[in-house]
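Here are a few exercises to work through with the model open in your viewer. Try each task before you read its solution.

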Amino acid sequence: MSELGVMKLLQKTDTSKAAGPGLIQARILKEAAVELTPILTSLFQQSYDSGLLPADWKKANVAPIYKKGPKSGPKNYRPVSLTALTCKAVEHITPLQHGFQRGLSCDTQLISVIHEWAKVLNIHGQVDVIFLDFAKASDSVFHERLLLKARHYGIHGKLNEWSRDFLSDRWQRVVVNGSCSEWSNVPSGVPQGTVLGPILFLLYINDLPTGIPSGVRMFADDTVLFRQICCPDDHHRLQHDLHQLEQWAANW
């Protein structure tokens, strides 16, 4: 882990980001990047070598953002987790971060599936499409099973142990107008408000389409299952593939 890489990362810090429970402001990290770099580089390296994270890095302030419906109902708010900025910095440095693919988005997914369907419709064919959305998918990830899959993808040794500590013993509290709730333990799920959370979730769900002959397109947990229907048997094959996805959900 090089000081130059850490300093460049600190200098790119978005000063509009909230500090989270760590209370270290983004502006301090950016403007004092030169002075903080040796200290944080040493801290990051110690964290990786030991496979342990400071307790404050595993806490989150949850800000409830109103969506719709009666404002008195807790389910009508979307929780946004704010975590320590220093931990986000070390998450950017980990090799796991290389798993992101630039240039892909929900727009490219939409273009891809429409292209597949249009090819069938252009020859006056039929396509049956099923849209799936796993309820609370990121909150339902079992840590030990996630680490098992991480090892399968080649994440071994210190990085796997660091990931284990990153996932374990996490806490969150709700903050509204400066008032805080009691801390509550978070025993499962990928940590929201973190850099690694999305990629860890993708590692967990990556094998969902395995062995599915019908078309499958995914964006996070939003899944589209589709098949060209040429005969009654195609209906049965699509239903069988849907059962396969249901079985994956039951197992994982």
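**Exercise 1.** Which residue in strand 8 does F219 stand opposite?

Solution. First, the ground rules. This is a predicted model, where local features need pLDDT of at least 70, side-chain atom pairs count only at pLDDT 80 or more, and totals for chains, interfaces and linings use all residues. Residues are numbered from 1 along each chain as its sequence is written, and side-chain values use heavy atoms, with hydrogens and water left out.

Now look across from F219: the residue opposite in strand 8 is D222. Helices (H or I, at least four residues) and strands (E, at least two) are DSSP runs, numbered from the N terminus. Next, follow the chain round the turn: strand 7 and strand 8 make a hairpin with two residues between them, and A220 in that turn has a positive phi of about 60°. Finally, five bridges join these antiparallel strands, 7 and 8; two strands pair if DSSP finds at least two bridges between them.

**Exercise 2.** Work out the strand order of the open sheet, and explain why strands 3 and 7 stand at its edges.

Solution. Start with strand 8 (residues 222-229), which runs antiparallel to strand 3 and is joined to it by eight bridges. One of the partnerships is I130 with L225 in strand 8. Put the pairings together and you get three strands in the order 3-8-7, with antiparallel pairing. Strand 3 (126-133) and strand 7 (215-219) each have a single partner strand, so one side of each is left without a neighbour in the sheet.

**Exercise 3.** Check the length of helix 3 against its expected span, then trace its course.

Solution. The expected span is 1.5 Å times one less than the number of residues. Helix 3 (residues 33-50) has 18 residues, so it should span 26 Å; its end C-alpha atoms are 25 Å apart, which agrees. Along the way, helix 3 bends by about 30° at I39 (the angle between axes fitted to the seven residues ending there and the seven starting there). After the helix comes G51, with a positive phi near 75°.

**Exercise 4.** Find the residues with the most contacts inside the largest nonpolar core.

Solution. Such a core is a set of buried (under 20% relative accessible area, 1.4 Å probe, protein chains only) Ala, Val, Leu, Ile, Met, Phe, Trp, Tyr and Cys residues joined through side-chain atoms within 4.5 Å. The largest has 39 residues, and F44, W57, C87, L146, F166 and L200 have the most contacts inside it. Helix 8 (196-205) gives the most to this core, with seven residues.

Definitions and conventions:
Buried means under 20% relative accessible area, exposed over 50%, partly exposed in between (1.4 Å probe, protein chains only).
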